[in-house]
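Student: Could you take a close look at one part of this protein with me? I would like to see how a single piece sits within the whole chain.

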Amino acid sequence: MANIQGSNTRRNILELPPEIMIKIFEHLTFHERLMISIICKSWHELAYSPQFCKKLFLHLRTSDSLAKKPYAREMFARCRNVIISCALIEDDHLNLLKEYMEGISLELLKISTLNHTAKRIVESTLQKIAVLKTLRLDLKEDHENETIRISHPTLKCAILNGQWDQGNKCDNLTILESYLLDNEGARGMSSLQRQLTSLTVTGSYKEIYTYMSDSEYISQWDHLRELYLIFPPYGDTLEDMLERMPCLEKLSLHNKYDQDFTGQELKAAKCLSELALKMYSVDTNSLNKYLSRSSLRSLSLLKCMLASGTEVPLKSASIKRMNFERFLPLDMLPLFPNLEDLSLLCSEAHYSSTINQICQCYPKLERLSIGVRCGQIGQFQSAAGEINTNPFLRINSLSKLKVLRINRIDLRKIDWMTCKGSKVEFIWLNGCSISGTGADQLLQSFEHLRTLYLDHCYLQLPQSDLFDIDETCVNGLRSRFPNRRISYYDCHIEESFDRCGRVMDVI
């Protein structure tokens, strides 16, 4: 009787109308929908319907796939993301592509190919698409480096390199990223000044910034909120540009060389709340004068040199987020007493004195990320060069710290028992080395910890059996701490198998 009732229940579920199943599917994750798509044909059709295929990418590497693969038309109708990277496309294949794109809706169309091929695809198929939100062109130069005309009424975001020209039907375009922009493109960009909210541009020519600030072409960038400049102009030209951007909130300046920055360049940016500088020589005396007058909430200093020296630190009571990347170890951190989010990256090992400075300077800190660059493994060292086993000795003084992220640092000799009393709830270790006993100490010491992520970590002796190698593990960390969420992603577990110090991969 139980089997009969169970079969009736399954049959009743399978016979639910599609509109009910759609509402149920909306509460499932992407991977859960893929799993239940094998139950029956109707569920397969629903799971792969256009509204649930936003994460699927259709990648067209060769134009032959349009004719040889029978499901090509169906996948064009279902997928919301299409990538085209075929080097050449014949006329008959281009006609098929136009037919398949007729009336479809896309979140993203990415074309990565030769300039001439991209021009044929864009100008032939773009108007066939009913809805398009993002267009990305990664163009490779060829002997026919022609200007591509872009026009679509629903396009909101365009990420482009090479020579391009927008048409008359780009009324909804609000986000533009343009790389390798030439003078003609810069002049044509002036027609978008009244609608863009975010602009990223590379200044390959000095004339580009002249077009962006010259009153002959530009009146006001009234709606621009975010501006990212790669190889930005010098002081006077930058001031002229910012005067025409009265609502600018986020500004990023990525320089190629160590150009001086004083803050005087930003006096026209009255609404600026976020500033990012890269490869600048920062005059801390002058920048402090700007910070005292501004309401800046976020500051990023990426590979910048502090020209005034460590005896003149940066000071501000308004900054709450800071991203600091330096070539050399830090002698003195900026004095931002209301800082809540700090990301600190150095090319050499982080010394324990830096942790002490953080605890002293930032009592309101809620999120902390420290580490070294990719390809390096850092160690907490004392001034004498010895490994410091208690670098987090004073972390308990940060009463508001909830999130701790450590990137590419050797943690095998860290004594985590000194962290008892900390209120950290989330720890993310990325590319770190840690032993089983060290991870066990970490979970014991951080009593308020709810989540521990170990991504790309090296999990080592002693007691590597504490790590949960598989679901049958009974002595692992998950069994010892059932109320904590412990996640492993692409980790490398090592076991010693002889006396010569060699290691063996377990997983």
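Tutor: Happy to help; we will start with one helix and then step back to the chain.

This is a predicted model, in which local features need pLDDT of at least 70, side-chain atom pairs count only at pLDDT 80 or more, and totals for chains, interfaces and linings use all residues. Residues are numbered from 1 along each chain as its sequence is written, and side-chain values use heavy atoms, with hydrogens and water left out.

Our part is helix α8, residues 115-125. Helices (H or I, at least four residues) and strands (E, at least two) are DSSP runs, numbered from the N terminus. Buried residues in α8 are N115, T117, A118, K119, I121, V122 and T125. Buried means under 20% relative accessible area, exposed over 50%, and partly exposed in between (1.4 Å probe, protein chains only). Their cover includes helix α7 (91-100) together with β2 (81-84), β3 (105-114), β4 (131-140) and β5 (148-150).

Now the whole chain: it has 15 helices and 25 strands, and 47% of its 507 residues count as buried. Contact means heavy atoms within 4.5 Å. Among contacts between residues at least 6 apart in sequence, 57% join residues at least 24 apart.

Finally, consider pLDDT, the predictor's confidence in each residue, from 0 to 100. The chain's mean is 80, and 77% of its residues reach 70 or more. Among the elements, strand β19 (residues 426-430) has the highest mean, 96, and strand β25 (residues 503-505) the lowest, 35.
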